[in-house]
Amino acid sequence: MAVTPVLYGPTSAGDAEAAEAERFAEPADLVTPDAVSLLCRFRLQMAASGDGPPDDVAVIAPEQVLFDYDMGFTLGDDDRCHRVDLLDRDPKYRKWQLYPHYASDLPLLDYPFVKVRWQGQDSEERNAAVNEFRRWLKDNPLTMRGFRDRSGKAPSASAEDKENDTLPNIQTFLEYSKLPKKVPYPGRTGFQEILDRIKNARPKSSIHLMVDASTSMGSASGGNGGSRLGRGAAVLQSLVSQLQSTDRVDLQFSATSPSIGLGGFRVEQNAASANKETIMRNLQAMSATGRDTALDDIVEATDLARGKQEIVLLTDGQGPRSTPGLDSRTARLSDFFRRHAPDGRLRLTVVLTGPATCGDTPVREIVASLPDRAGTCVELDDAPEATRAARILSDLRWGGRA
């Protein structure tokens, strides 16, 4: 993310060219939370299809991560991208390799340390978290790889260490690429300056999270375990955590149970972190105890503000029995969208936990009835929550519609 302003460096922050460059750098079909997740996806696709990575994509990534990918080492901290044995150099694996190009104009962030302990905030839990983070830094595989110094010079190989795949030694394993001893120093860029430029280039989003908390949402998800509500709420939590300080978000529950009620929380520009945490806590605390409410009734209950509005409805899809008189209901909902946003700026994204699919009634009819392609449907898959949330947010932010 930090290097995308290079795409619009000559332009003034916040203008149309900057926004278009940010859109170009964030295609919904390739959005992932980090470079490791993207490279992991390439590896899994190659394993499934036998094809190499896309030939029209450049990935900006730390060189240690790139070499882990090329060497078939474990990617990330989960079990999805485990080690691949490439020692025999089977030719079928060569087409999945990526080759490094060292650019001299990519900025380095001037952010030398992160303070994790503040006076008056010491606690047993905080100290345990600090110590756990310190151990993670020490034991992480990237730390063992070795990093370049501030001038861009690679560390020297240890005379005693001839076997381990540290950064100086790893080039001996690569047949088609060279590891430069020193990378040109591009100069540092202020951390806050980078974040401000991205914030100004990206459009501001106003998102209304509507959660179907009916009893059926407490059923097993059939995905990665847990309930439908728990699985979907985890994705929405990740979505909220990825919002910018200029975004706005409301949370409302559709169930009529008094134990849940109706909640509304807004992320304000000057208090984004605290309010986002409030919403995430409420998502985590939800329980599926209310009776079914028709999906169109849920949408029409949204507390709308002015400007471009995005309604995100989390549901299991319900069924035909929950929506009698579907034709008249969809017509009324279509009219609701026209009345509240005649310019097409009111949109609905239905996020399905399953078992219903986007082709099932009543979701199919509701999405199809909305004017100006204002409706879309997303089925949760087995992708990590952060990845799934990032894709949904990219579609909300840039207005892409299937």
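In the predicted model, the side chains of strand S3 alternate between two directions: Ser-206, His-208 and Met-210 point one way from the strand, whereas Ile-207, Leu-209 and Val-211 point the other way, and all of these residues are buried. Strand S3, which spans residues 206-211, is accordingly described as mostly covered, with six of its six residues buried.

The pairing of S3 involves a strand on each of two sides. Six bridges join S3 to strand S4 (residues 248-253), and the two strands run parallel; within this pairing, His-208 stands opposite Asp-250 of S4. Five bridges join S3 to strand S5 (residues 309-315), again with a parallel course. In the pairing with S5, Ile-207 stands opposite Glu-310, while Met-210 has Leu-313 as its bridge partner. Of the residues named here, His-208 and Met-210 point one way from S3 and Ile-207 the other way, so that residues of both orientations, as judged by the under 20% relative accessible area that defines burial, belong to the covered set.

These strands belong to an open sheet of five strands, which has the order S4-S3-S5-S6-S7 and parallel pairing. The edges of the sheet are formed by S4 and by strand S7 (375-379), each of which pairs on one side only. Neighbouring strands of this sheet are turned against each other by 20 degrees on average, with direction ignored. Helix H8, comprising residues 228-241, lies across S3 and S5 and runs at about 165 degrees to S3.

A contrasting environment is found at the surface, where Phe-133, Trp-136 and Leu-137 form a nonpolar patch with about 310 Å² of accessible area together. Phe-133, which lies in helix H4 (residues 124-139), has a relative accessible area of 44% and is therefore classed as partly exposed, because this class covers values between the 20% limit for buried residues and the 50% limit for exposed ones.

At the level of the whole protein, 13 helices and seven strands are present, and 43% of the 402 residues count as buried. The protein exposes about 21,500 Å², of which carbon and sulfur atoms supply 51%. Among contacts between residues at least 6 apart in sequence, 74% join residues that are at least 24 apart.

Definitions and conventions. Residues numbered from 1 in each chain as written. Predicted model: local features only at pLDDT ≥ 70, side-chain atom pairs only at ≥ 80, totals over all residues. Heavy atoms only, no water. Buried < 20%, exposed > 50% of the residue type's maximum accessible area, 1.4 Å probe, protein only. Helix = DSSP H or I, 4+ residues; strand = E, 2+ residues; numbered from the N terminus. Pairing = 2+ DSSP bridges. Axes fitted to C-alpha atoms, helices over the stretch in contact; angles between N-to-C directions. Contact = heavy atoms within 4.5 Å. Patch = residues over 30% accessible without salt bridge, like charges linked within 9 Å, V, L, I, M, F, W, Y side chains within 5 Å. Areas by Shrake-Rupley, 256 points an atom, 1.4 Å probe, with all protein chains shown as cover. Salt bridge = Lys/Arg side-chain N within 4 Å of Asp/Glu carboxyl O.
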